[in-house]
Every structure is written in structure tokens, then in C-alpha cells.
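Biologist: Could you walk me through this structure slowly, starting with a single residue and working outwards? I'd like to see it before we begin.
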Amino acid sequence: MVLGGQGADGTAHALSGRDAAMDSALESLYGKKAGGGGSRDRSAGLGASAPSVARWLGDIRTYFPSSVVQVMQRDAIDRLGLSTLLLEPEMLEAVEPDVHLVGTLLSLNKAMPETTKETARAVVRKVVDDLERRLATRTRATLTGALDRSARISRPRHHDIDWNRTIAANLKHYLPEQRTVVPERLIGYGRSAQSVKKEVILCIDQSGSMAASVVYASVFGAVLASMRSISTRLVVFDTAVVDLTDQLDDPVDVLFGTQLGGGTDINRALAYCQAQITRPADTVVVLISDLYEGGIRHEMLKRVAAMKASGVQFVTLLALSDEGAPAYDRDHAAALAGLGAPAFACTPDLFPDVMAAAIEKRPLPIPDKETHQ
């Protein structure tokens with residue numbers, strides 16, 4: 001669609017009605033006006049007042065689908081510096097909630113007045129509830145199957161036999177004349193009981209670029225914590241380390257317990273996680289970070305190597321979001337790959353499969369070789 005503007009932008013077809021209103025909403029955000037010397041500069045078309053911005057937010061929700069509204073909101077925050085206006089309740093009531101908005105609100109958390117916090121929590125709650133509905137069922141089903149398969153037994157019931165592994169283990173008993181394999185040794189799965197089978201530690205970088213990852217990881221942490229067979233610990237870090245495990249029953253509390261921004265000390269965070277491991281062979285550590293380390297690099301790598309040597313399954317995610325390959329420290333990613341811990345970006349939909357592979361100690365389903373080392 002081509003929308004006109006002042007003077008119909010040279011098309012000789014001026015807009016009217018709904019088309020004109022849509023064009024005005026777009027012009028307010030993306031419009032440019034001529035500057036001196038023929039240059040073109042951004043205009044601050046939304047004005048400085050909260051009421052005018054709230055009206056604009058209402059307009060774009062009227063004229064555009066939700067997915068477009070979310071992009072326009074994000075652009076308005078980036079292009080026109082409107083993040084501080086999100087500290088006003090009437091503004092928050094007008095926006096379309098999404099993961100990126102939650103990240104912005106969390107970055108403003110410390111500056112947020114008390115009058116706004118209740119509205120902000122309601123916005124975050126809506127996004128978190130939507131994510132849980134989307135992700136929880138598949139995550140539980142995928143990981144329950146992985147836990148069952150990880151409990152292999154030598155005398156399985158018929159329905160629990162792993163026929164592929166059983167045939168492979170008994171090929172030496174193949175009878176050519178009968179064209180069959182005699183399964184002298186059965187390999188199968190035990191059913192996971194209510195006791196804890198695996199321990200998972202989610203270690204999440206709180207730096208500003210990781211905002212979407214923090215949101216998704218908090219939701220997944222709450223889902224994992226709801227599974228009796230998995231003991232889940234959630235640790236967030238910048239230059240300090242905060243253990244939010246006792247808040248995992250409510251991911252909104254987890255999110256408001258984070259503080260986006262600041263430096264990064266991965267080594268300190270991994271030292272804390274390492275100290276929490278009691279059953280290395282049954283533990284999965286998931287580091288979610290862009291790997292820009294502000295701490296001691298060689299110590300960080302030594303800790304990863306020590307954890308892997310003890311039997312820990314170590315997973316490095318450069319991002320847990322739908323945004324594609326992030327910016328990350330390629331040298332650190334390559335060093336981790338050399339330790340057998342490849343680093344890659346992961347979408348929320350792929351995360352259950354990554355965790356299932358880690359639980360079963362299978363190769364990780366790395367989605368794109370260009371986004372990992």
C-alpha cells in the first residue's frame with residue numbers, strides 16, 4: 001500500500017477518510033520534514049504530551065493489526081524516545097502488550113512510580129499468561145517423554161521396549177535362514193516416577209540486549225518448576241548474581257526481580273551455579289547470554305570444562321527469542337564450542353526440544369550452523 005501525505009506526495013491523489021487517518025498515524029511516527037540544505041530530518045510528530053501519545057496509540061490499534069501495532073510501538077520508543085512516558089498509567093493502558101514492551105518496562109522498573117507499578121504488572125501478566133498458554137503444554141509433554149526415555153531399563157515391559165536400540169544391540173544374534181533377530185537382551189524405558197529425575201539450572205544474563213530472552217526464560221522456568229520430576233533453579237546475573245528460584249511459582253514476580261542493564265560477569269554466575277550442583281550426571285545447566293564477558297575469561301571457560309568433565313550437560317543459548325541471530329562474542333562462542341558446548345540462538349518453540357536432547361544426553365538440535373560456533 002502506498003499512502004499519500006501533504007500535497008498527496010506528488011501522486012495527485014489526496015487521501016480521505018480512513019486512509020487519511022492511517023496516513024496521519026504513520027506520518028506522526030515515520031514522517032520527515034525538509035531541513036536546511038535539502039537534508040531530511042525526523043519529525044517528533046507525536047508531540048511531548050502523554051494525552052496525544054495515548055490518542056495515537058488508540059488510533060494505530062484501530063487502523064492496524066496487532067502485529068503491526070507492536071512494531072510501531074517499538075519504533076516509537078526507539079525513534080522518538082517515548083520510554084519515559086510508559087511510566088504513566090494512562091499510557092500503559094493504551095499500549096498493545098508484547099515481549100518487547102515487557103522488556104522496556106523491566107528496564108524502567110527502578111524508576112517506576114508506585115502509581116504505575118500495578119498497571120505495569122497487569123501488562124506483564126497479560127504477556128506472561130499468553131506465553132504460558134502457548135508454550136506450557138508442549139514443553140511438559142516433550143520433557144515428560146524425554147524423562148521417560150532417559151530412564152532406560154534392561155527388563156522393560158512390552159510397551160516400554162525401545163525396538164531400535166534392542167535390534168541394534170542384538171544384531172549378532174541375526175538368523176539368516178529365519179531372516180530375523182533373536183532379542184536376547186531387551187532395552188527399554190522406565191516410567192518416570194514422582195521423584196526428581198533431573199536438575200535444571202537456568203543461568204540468565206540480565207544485560208539490556210537480553211530482555212526478550214529474560215522474559216521467555218522466566219516463563220519456561222515456571223513451567224519446568226511445575227514438573228515434579230525436574231528440580232529447577234533460576235539464576236539471573238549482571239556483575240552480581242541473584243537466585244530467584246523461590247519466586248518461580250509466579251514468573252511475573254521473577255521478572256520484576258530482575259534488573260535489566262549493567263555489566264556482565266559470567267564467571268561469577270557460573271561459579272554460583274557450580275556450587276549448587278549435587279548430582280552432576282543428572283544436571284543440565286543452561287547459560288543464556290550473548291557471552292560479552294566482563295569477568296575472568298579463562299576462569300569462565302575452566303568452570304564450563306569442569307562441569308562437563310563431571311557429567312553435567314551444558315547448554316549455551318545466545319538468545320531465547322524469535323528475533324534471529326543476535327550480536328555475541330564470537331571468540332567466547334568458539335572457545336565454548338571447543339569444549340563441546342556449542343553456542344546458538346534458540347526460538348521459544350525449539351527450546352523444549354533442546355532441553356529434551358540435553359536430558360537424554362543426545363546431540364542438541366542446533367537450528368542454523370551460521371548462528372553458532
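Biologist: Is Glu118 buried or exposed?
Modeller: This is a predicted model, and in it Glu118 has a relative accessibility of 68%, which is over the 50% cut-off, so Glu118 counts as exposed. Glu118 is found in helix α6, and its C-alpha lies 8.6 Å from that of Pro89, although the two are 29 residues apart in sequence.

Biologist: And Ala146, why does that one count as buried?
Modeller: Ala146 has a relative accessibility of 0%, and because buried means under 20%, Ala146 counts as buried. Ala146 also has its place in helix α6.

Biologist: Which residues does Ala146 touch?
Modeller: Leaving aside residues up to four places away in sequence, Ala146 touches Ala356, Ile359 and Glu360. The C-alpha atoms of Ala146 and Met355 are 8.6 Å apart in space, while the two residues are 209 apart in sequence.

Biologist: What about the protein as a whole, how many helices and strands are there?
Modeller: The secondary structure comes to 13 helices and 12 strands. The protein has 373 residues, of which 46% count as buried, and among contacts between residues at least 6 apart in sequence, 74% join residues at least 24 apart.

Biologist: Which residues touch the most other members of the largest nonpolar core?
Modeller: Those are Leu86, Leu105, Val286 and Phe351, in a core of 76 residues. Helix α6, which spans residues 114-150, supplies the largest share of this core, with 10 residues. Apart from that core lies another one of 25 residues, and among them are Cys203, Phe237, Leu291 and Leu336.

Biologist: You mentioned Val286, so what does Val286 touch?
Modeller: If residues up to four places away in sequence are not counted, Val286 touches Ile201, Leu202, Cys203, Val315, Leu317, Phe351 and Met355.

Biologist: Leu105 came up too. Which residues of its helix, α5, are buried?
Modeller: Helix α5 covers residues 99-107 and is mostly covered, with 7 of its 9 residues buried. These are Val99, Leu101, Val102, Gly103, Thr104, Leu105 and Leu106.

Biologist: What do the buried residues of α5 pack against?
Modeller: They pack against α3, α4 (89-94), α6, α8 (211-225) and α9 (251-256).

Biologist: Changing topic, at what angle do α1 and α3 pack?
Modeller: Helix α1 (residues 17-30) and helix α3 (residues 66-80) pack at about 35°, and their axes are 9 Å apart. On the α1 side the contact has Ala25, Leu26, Ser28, Leu29 and Tyr30, and these meet Val71, Met72, Asp75, Ala76, Arg79 and Leu80 in α3. Sorted by class, the residues of this contact are 8 nonpolar, 1 polar and 2 charged.

Biologist: And how do α11 and α12 cross?
Modeller: The axes of helix α11 (residues 297-309) and helix α12 (residues 330-338) come within 10 Å and cross at roughly 30°. Angles under 35 degrees count as roughly parallel, and therefore α11 and α12 are roughly parallel to each other. Their crossing is right-handed.

Biologist: Which residues make that contact between α11 and α12?
Modeller: From α11 there are Arg297, Met300, Leu301 and Val304, and from α12 there are Asp331, His332, Ala335 and Leu336. By class, this contact has 5 nonpolar, 1 polar and 2 charged residues.

Biologist: Why would residues three or four places apart in a helix point the same way?
Modeller: An α-helix has 3.6 residues a turn, so residues with that spacing point the same way.

Conventions
Residues are numbered from 1 along each chain as its sequence is written. This is a predicted model: local features need pLDDT of at least 70, side-chain atom pairs count only at pLDDT 80 or more; totals for chains, interfaces and linings use all residues. Side-chain values use heavy atoms; hydrogens and water are left out. A nonpolar core is a set of buried Ala, Val, Leu, Ile, Met, Phe, Trp, Tyr and Cys residues joined through side-chain atoms within 4.5 Å. Buried means under 20% relative accessible area, exposed over 50%, partly exposed in between (1.4 Å probe, protein chains only). Helices (H or I, at least four residues) and strands (E, at least two) are DSSP runs, numbered from the N terminus. Contact means heavy atoms within 4.5 Å. Axes are lines fitted to C-alpha atoms, for helices over the stretch in contact, and angles run from 0 to 180 degrees between N-to-C directions. Angles under 35 degrees count as roughly parallel, over 145 as roughly antiparallel, 65 to 115 as roughly perpendicular and the rest as oblique. A crossing is left-handed if the near helix is turned anticlockwise from the far one by less than a right angle, and right-handed if clockwise. Ala, Val, Leu, Ile, Met, Phe, Trp, Tyr, Cys and Pro count as nonpolar, Asp, Glu, Lys and Arg as charged, and the others, Gly among them, as polar.
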